[in-house]
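Grab a pencil and work through these exercises with the structure open beside you. Try each task before you read its solution.

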Amino acid sequence: MSSDAAALLDALRAAVGPAQVLTDADLRASYETDWTRRWRGEAVAVVRPESTEAVAAAVDACRQAGAAVIPQGGNTGLVGGSVPRADGTRLQVLLSLGRLREVEPVDAAAGEVTVAAGATLGSLQSVLRNTGYAFGVDLGARDAATIGGMIATNAGGMQAFRYGPMRTQLIGVEAVLADGSVMRRLPGLLKDNTGYHLPSLLAGSEGTLAVVTRARLRLVSSLPRRSVALVAVDGPDEAAELANALRRQLPGLLAAELLFDDGLALVLRHTGGQHPFGRAHPAYLLVEVGGQDDPSGELAAAIEAAGDVVRDAVLAADEAGRTRLWSLRERHTESVNAEGVPHKLDVAVPVQRMGEYARSVRAAVAEAAPTARTFLYGHVLDGNLHVNVLGPPPADHAVDDAVLRLAIETGGTVSAEHGIGVAKVGWLEADRGAADVAAMRAIKRALDPEGILNPGVLFG
């Protein structure tokens with residue numbers, strides 16, 4: 001170990017306590033590899049502070065040593081942005097926010113709550129249960145994804161068409177800047193026009209501008225009674241048509257998820273269970289409706305009114321039935337991962353072109369990698385498709401390039417979830433344009449002049 005590394009470790013132990021500086025390779029391993037197993041690197045240490053002050057001290061120690069700070073929440077990202085860089089040329093410290101877990105009491109008068117960055121979405125949802133409030137963002141990875149990581153990637157999830165992504169929920173923030181100082185605007189006010197809205201700037205910044213430690217979040221009224229339907233359709237165009245019709249008819253529509261029969265078959269093979277219809281259909285739309293009273297009748301009537309676009313449908317209002325139907329969508333991710341190391345590419349295109357993209361992307365992947373298998377699923381009403389490709393080696397970017405190029409050509413974006421990370425840095429300018437990227441770089445230089453915060457993410 002070099003003298004520089006030894007001195008840095010001493011400073012980090014002083015900042016957070018010796019027990020929270022992990023240097024053993026076996027203890028670091030789970031932090032250093034991302035969820036897909038495609039991205040990994042080596043940190044000199046994993047540091048686990050339990051307070052904002054300890055985060056600030058750790059960041060300042062890294063700044064003085066010229067070491068990179070890699071912030072990490074639940075490590076559920078898919079683009080390599082929360083693990084050390086494989087080709088890092090400086091010491092890298094992985095800063096885990098997992099011990100900052102507090103969810104403060106709900107401010108019922110304001111309809112807001114303050115949450116620490118390491119609290120999981122699932123823990124927030126548990127606190128909100130029976131308060132009359134809910135949180136507007138929901139994800140399949142709710143039990144692992146943290147609030148800080150969701151802010152850093154501006155996560156959207158399945159209810160984004162209704163409530164917006166994390167940026168929309170963010171009222172105030174506390175964050176540690178690259179020099180170790182703390183920016184704090186808590187609890188935050190819904191109407192606050194005093195200068196730049198810095199929380200919005202940090203949403204989607206992927207840990208490159210500051211390390212979020214706490215956030216003030218807006219809440220929405222809960223819709224405790226739920227009904228879920230899985231509807232068989234002829235393809236993605238019909239799924240989008242049906243989803244838009246249901247959106248107009250059902251004020252309580254919370255989710256409209258697209259899946260295909262090859263993905264459904266994969267889930268059933270890995271998780272067991274019977275096909276919900278007994279026979280295959282080309283595509284399916286999973287919808288959930290909420291209300292103060294049971295919305296099952298309203299949902300059934302809307303599906304019946306859709307006419308010939310519906311091939312078949314199953315509904316569930318009981319918790320076990322709803323969970324069973326949702327598992328057919330939410331367990332796609334783990335089922336794909338069980339088959340190998342996937343190329344996971346989350347893109348978005350205009351809703352009216354989703355069917356076109358779904359058909360074209362399969363052809364584009366087949367051309368780039370003829371033996372590859374492609375699985376698609378996504379959120380219909382915001383145009384977000386999760387493209388999962390199995391077969392090509394992790395370091396082969398030909399499939400990635402084909403998928404992302406087609407997203408831009410279809411009028412979309414290369415990143416609808418998870419951010420740019422390191423996986424998509426070569427596509428940022430193609431997507432946003434030179435002027436946008438120059439402005440982003442200027443902000444980065446202003447807030448992190450020494451480039452210690454998550455170097456390699458966004459800009460390469």
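**Exercise 1. Work out the order of the strands in the four-stranded open sheet, and find its edges.**

Step 1. Read across the sheet: the order is β5-β9-β7-β8, and the pairing is antiparallel. Helices (H or I, at least four residues) and strands (E, at least two) are DSSP runs, numbered from the N terminus, and two strands pair if DSSP finds at least two bridges between them.

Step 2. Look for strands with a single partner. These are β5 (112-116) and β8 (182-185), which stand at the edges, so one side of each has no neighbour in the sheet.

Step 3. Check the twist: on average, neighbouring strands here are turned by 15 degrees against each other, direction ignored. For such angles, axes are lines fitted to C-alpha atoms (for helices, over the stretch in contact), and the values run from 0 to 180 degrees between N-to-C directions.

Step 4. Zoom in on one pair. Strands β7 (residues 170-176) and β9 (residues 211-218) run antiparallel and are joined by six bridges; V176 sits opposite V211 in β9.

Step 5. Now add helix α3 (residues 52-65), which packs on the sheet and touches β7, β8 and β9. Its direction makes about 50 degrees with that of β7. Touching, or contact, means heavy atoms within 4.5 Å.

Before going on, a word on the model: it is predicted, so keep in mind that local features need pLDDT of at least 70 and side-chain atom pairs count only at pLDDT 80 or more, while totals for chains, interfaces and linings use all residues. Residues are numbered from 1 along each chain as its sequence is written, and side-chain values use heavy atoms, with hydrogens and water left out.

**Exercise 2. Which residues of helix α2 (residues 25-32) are buried, and what covers them?**

Step 1. Pick out the buried ones: R28, Y31 and E32. Buried means under 20% relative accessible area, exposed over 50%, and partly exposed in between (1.4 Å probe, protein chains only).

Step 2. See where they point. They cover an arc of only 90 degrees around the axis, so they lie on the same side of α2. The arc is that of the directions from the helix axis to the C-beta atoms.

Step 3. Turn to the other side of α2, where D26 and S30 are exposed.

Step 4. Find the cover for the buried residues: it includes β1 (21-22), β2 (45-47), β3 (68-72) and β4 (92-96).

**Exercise 3. Is E288 buried or exposed, and what does its side chain meet?**

Step 1. Locate E288 in strand β13 (residues 283-291).

Step 2. Check its relative accessible area: at 9%, E288 is buried.

Step 3. List its contacts, leaving aside neighbours within four places in sequence; among them are R226, G252, R322 and W326.

Step 4. Look at W326 again: its side chain makes a polar contact (3.4 Å) with the side chain of E288. A polar contact is a pair of N or O atoms within 3.5 Å; within protein, one must be able to donate a hydrogen and the other to accept it, and residues adjacent in sequence count only if both atoms are side-chain atoms.

**Exercise 4. Where is N130, and is it buried or exposed?**

Step 1. Find N130 in the loop between α4 (121-128) and β6 (133-134).

Step 2. Look at its backbone: phi is positive, about 75 degrees, although N130 is not a glycine.

Step 3. N130 counts as exposed, at 80% relative accessibility.
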